[in-house]
Every structure is written in C-alpha cells, then in structure tokens.
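Biologist: Please take a close look at one helix and the loops that adjoin it, with attention to charged pairs and unusual backbone angles. A connected account would be preferred to a list.

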Amino acid sequence: MAMAPSWADRAGHAVLLAADPRFRPVTDPAELTRVRQRYSLPARFILYLGGFDVRKNVPLLIKAFRGVAARSDVTLVIAGSLPDRPSDFAPDPRPLVQQLGLSGRVRFLGLVAGEFLIAGIWVVVSALTGTRGYRFFLT
C-alpha cells in the first residue's frame with residue numbers, strides 16, 4: 001500500500017511578507033481623510049485589529065502601551081469584536097485600560113470594515129504555541 005508523502009518529504013520554501021496586494025499603505029489623501037473621519041481617528045495611532053482571547057495577549061499590549069503613552073501623543077486604537085461574555089479565555093480589556101489610567105489614550109472601535117488598512121503601525125502580540133515567551137511584531 002502506497003503512503004502519501006509527508007510534508008517533510010516535499011520541497012518547499014517560506015514566503016515572507018506575502019500579504020494580499022490590498023494590504024498596502026493607502027496614499028490617496030481623500031481616502032485617508034474619509035476613513036479617519038468615519039472612525040474619528042487621531043493623527044497618530046497604533047492599531048490592534050483582532051480578537052480578544054488570551055492567545056492574542058491584548059492585556060500585555062495595553063500594559064506596554066502605558067510606556068509609549070508616557071512618552072508620546074500616540075493613541076492605541078483597538079478594533080475587533082469585544083467578547084459578549086468576558087471569561088478567563090476571552091477577557092474584556094476595557095477594565096484594564098481604566099485601571100491603568102489610559103481611558104483617554106486607548107480607543108475601542110468594535111468591529112470595523114476592511115477599509116481600515118490605513119494604519120501606520122500595526123501591532124500583533126500573540127502568544128506562539130511551543131515557545132517559552134511571546135513574540136512581538138511591528139509592521
């Protein structure tokens with residue numbers, strides 16, 4: 001009986017930064033203005049766009065942002081559908097923002113449309129399976 005080859009038997013290569021072409025910087029001033037007005041965005045912001053389960057590590061992002069907020073006028077914009085029922089697996093990050101005194105510096109937008117690709121800095125703070133720590137990516 002022939003066995004299907006495993007992934008280890010196949011030749012392959014990593015494709016780095018292979019995002020869909022629509023994920024590109026927006027340079028059209030009219031489009032930037034339209035999206036900024038629609039979401040009442042500040043001039044400078046860091047964007048987190050994603051979920052809120054513990055693997056996403058949003059509390060660590062908020063704690064790290066406290067240091068950024070102390071040294072700059074940047075706003076942390078958090079977009080994504082907040083948990084309907086906060087739990088240990090999907091905590092609501094808003095109480096932490098209040099506890100750290102960041103209510104005026106962190107904005108929660110809820111679910112947003114795909115047009116929200118205008119951010120200058122995207123941040124991903126996910127825990128990676130099989131690692132001893134966390135990896136941070138700024139794009």
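**Helix α1 and the loops beyond**

Modeller: In this predicted model, R34 and E31 both belong to helix α1, where three residues, about one turn of the helix, separate them. These two residues form a salt bridge, with 3.0 Å between the closest N and O atoms. R34 has a relative accessible area of 38% and is therefore partly exposed, as this value lies between the 20% and 50% cut-offs. E31 has a relative accessible area of 24%, so E31 is partly exposed as well.

Helix α1 covers residues 29-38, and the loop between α1 and β1 (45-49) contains S40. Although S40 is not a glycine, its phi is positive, at about 50 degrees. Such a value deserves mention because most residues other than glycine have a negative phi. S40 counts as exposed because its relative accessibility of 53% is over the 50% cut-off.

The loop that holds S40 also takes part in a second charged pair. R44 forms a salt bridge with D73, and the closest N and O atoms are 3.4 Å apart. This pair links distant parts of the chain: R44 lies in the loop between α1 and β1, D73 lies in the loop between α2 and β2 (75-79), and 29 residues separate them. The two partners fall into separate accessibility classes: D73 is exposed, with a relative accessible area of 54%, whereas R44 is partly exposed at 45%.

Beyond β1, a further charged pair is formed by R55 and D53, whose closest N and O atoms are 3.0 Å apart. D53 has a relative accessibility of 13% and therefore counts as buried, this value being under 20%. The salt bridges described here, between R34 and E31, between D73 and R44 and between R55 and D53, are among the four that the structure holds.

Another positive phi is found at N57, which is not a glycine and has a value of about 60 degrees. N57 is placed in the loop between β1 and α2 (58-71). With a relative accessibility of 11%, N57 counts as buried, because that value is under 20%. The two residues with positive phi thus contrast in accessibility: S40 counts as exposed at 53%, while N57 counts as buried at 11%.

How values were computed
Residues are numbered from 1 along each chain as its sequence is written. This is a predicted model: local features need pLDDT of at least 70, side-chain atom pairs count only at pLDDT 80 or more; totals for chains, interfaces and linings use all residues. Side-chain values use heavy atoms; hydrogens and water are left out. Helices (H or I, at least four residues) and strands (E, at least two) are DSSP runs, numbered from the N terminus. Buried means under 20% relative accessible area, exposed over 50%, partly exposed in between (1.4 Å probe, protein chains only). A salt bridge is a side-chain nitrogen of Lys or Arg within 4 Å of a carboxyl oxygen of Asp or Glu.
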